[in-house]
Amino acid sequence: MTNVQYKFPEGFWWGSAASGPQTEGAANEGGRKPSIWDHWFQIDPDRFHNGVGPEHTSNFYYQYQEDIQLMTETGHNSFRTSIQWSRLIPDGVGEVNQEAVEFYSSVIDEMIAKGIEPFINLFHFDMPLSMQEKGGWENREVVDAYVFFAKTCFELFGDRVKYWFTFNEPIVPVEGGYLYDFHYPNIVDFKKAVQVAYHTVVAHAKAVEEYHALDLGGKIGIILNLTPSYPRSQNPADVKAAYIADLFFNRSFLDPVTKGEYPADLVAILRERDLLPEIVQEDIETIKNNIIDLLGVNYYQPRRVKAKEYMVHPDAPFMPEHLFDNYVMPNRKMNHHRGWEICERAIYDMAINLRDNYNNIPFFISENGMGVEGEEKFRNDEGFIEDSYRIEFIQGHLKWLHKAMGEGANCLGYHLWTFMDNWSWANSYKNRYGLVEVDIHNDFKRTVKKSGKWYKELAENNGF
Ligand code: BG6
């Protein structure tokens, strides 16, 4: 009998997360039209690692039955993916694509038949190009189009899907597309970033409202990437810097979706600089009245912060970093492939923060994982990748999560990023995160890694 030191509660969700655009492939098939990713790749392929674009990704569109079978072989009792707006409603608004309805319906049915609870997300960085041409989230009309898309999904699939998510990491398109130039439309403009962030929250709240009104008996939430902010020291200036970073990067979404309002200090910072968004009063009411049932937390890395050391050039466009500096802690434990710090303990701090400051809201770890470049070199004689580092990574985080749960944190599950190697935006296939290897040069052949075999034991033992 296996000795289980860290036991999780009965019914704990074990699984993984992925997204439509990163796995389905078939970008120009089945009636789908381009999203911003197809367009950006077309006009600027050099900005994608090794020039590999989103056309084929991991071929889930054609291999989903095999993949769902592999999910059962890697211990999944639940799995998240997303419905691509550009596949379901190719023009963003208007006609619903019947081929897409059949595809998503079959995926959902297949999962349920195999005992895997479908968790469905509605937006994973993938704005339809037709909607971006109207200004994307800058434009209030796109909010209404998204709400129509969301409602269509609830009506089509809500009889079978009981866990819905409006957005994955909604702050990332704000950062990537409007501040730091790593997503299309590559704008650098803080005022627009605020408008985009605000309209995303409005779109989210309106989708929650629609879902609750339909009374389908499931739960709806959002998936946020929470990055606990640690000050360099207890010096009040460092502590304040970390507080401000937390306002911008965590609480700008966490507070409105869980409490129905923005932190007053964040509003004050923006007001002082004339950076508040344009607001329709009734939207404020919608945000207030439509908080989530369940929170997904993606956790990869902490943020370390120190007080600002140098003054900013007076003409520099405003950035959150005008109010704090990021701090590079000496001797950080790192995943050098990704350039991200590994700090397992932060998952505990995040969970305790939700317990103490967010009414102990039910949440689950909706992503956590380790991207590694050149994994082929870990292939063993039996032909599969021996990714023991990934197993250690998962264990390290689960230990801290287990401790937080022992102290009352309301965590319902753990989803790894990700089930099989997939296409990761501008990083393309650089870093592999999967429990299952995908050979993109050999008919997308799937091979379960050591971590995939271990994950099955983890789920069967409900711990390790
Ligand atoms: C998460 C996203 O933030 O990180 C995923 O939700 C993404 O879509 C994952 O693939 C890993 O990102 P990267 O940039 O390391 O490949």
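These legends accompany close-up views of a predicted model, starting at the ligand and moving on to two cysteines.

**View 1. The ligand and its surroundings.** Welcome to the binding site: 14 residues surround the ligand here. H124, E169, R338, S424 and Y433 are the closest of them. By residue class, the shell around the ligand is made up of six nonpolar, five polar and three charged residues. If you have pockets in mind, the ligand takes up the space of the largest pocket.

**View 2. Polar side chains reaching the ligand oxygens.** Three of the closest residues deserve a look one by one. In the side chain of Y433, an N or O atom is 2.3 Å from an oxygen atom of the ligand. S424 places a polar side-chain atom 2.4 Å from a ligand oxygen atom. For H124, the distance between a side-chain N or O atom and an oxygen atom of the ligand is 2.8 Å. As for surface, the ligand taken alone exposes 390 Å², and the protein buries 93% of that.

**View 3. C343, a cysteine without a disulfide.** A disulfide is a covalent bond between the sulfur atoms of two cysteines. How many disulfides does a search of the whole structure find? The search comes back with zero. C343 is accordingly in no disulfide, and the nearest cysteine sulfur, that of C411, is 17 Å away. With a relative accessibility of 11%, C343 counts as buried.

**View 4. C411, seen from its own sulfur.** Why is there no bond between C411 and its closest cysteine sulfur, in C343? The two sulfurs are 17 Å apart, which is too far for a bond, because a disulfide requires cysteine sulfur atoms within 2.5 Å. Is C411 buried or exposed? C411 is buried, since its relative accessible area is 5%, and the cut-off for buried is under 20%.

Conventions: Residues are numbered from 1 along each chain as its sequence is written. This is a predicted model: local features need pLDDT of at least 70, side-chain atom pairs count only at pLDDT 80 or more; totals for chains, interfaces and linings use all residues. Side-chain values use heavy atoms; hydrogens and water are left out. A residue is near a molecule or strand if one of its heavy atoms lies within 4 Å of it. A polar contact is a pair of N or O atoms within 3.5 Å; within protein, one must be able to donate a hydrogen and the other to accept it, and residues adjacent in sequence count only if both atoms are side-chain atoms. Accessible areas come from the Shrake-Rupley method with a 1.4 Å probe; for residues, only the protein chains shown count as cover. On a 1 Å grid over the protein atoms alone, a cavity is a set of points where a 1.4 Å probe fits but cannot get out, and a pocket is an open set with protein on both sides within 12 Å along at least five of seven lines; lining residues have an atom within 4 Å of a point. A molecule sits in a cavity or pocket if more than half of its atoms lie within 2 Å of its grid points. Ala, Val, Leu, Ile, Met, Phe, Trp, Tyr, Cys and Pro count as nonpolar, Asp, Glu, Lys and Arg as charged, and the others, Gly among them, as polar. Buried means under 20% relative accessible area, exposed over 50%, partly exposed in between (1.4 Å probe, protein chains only).
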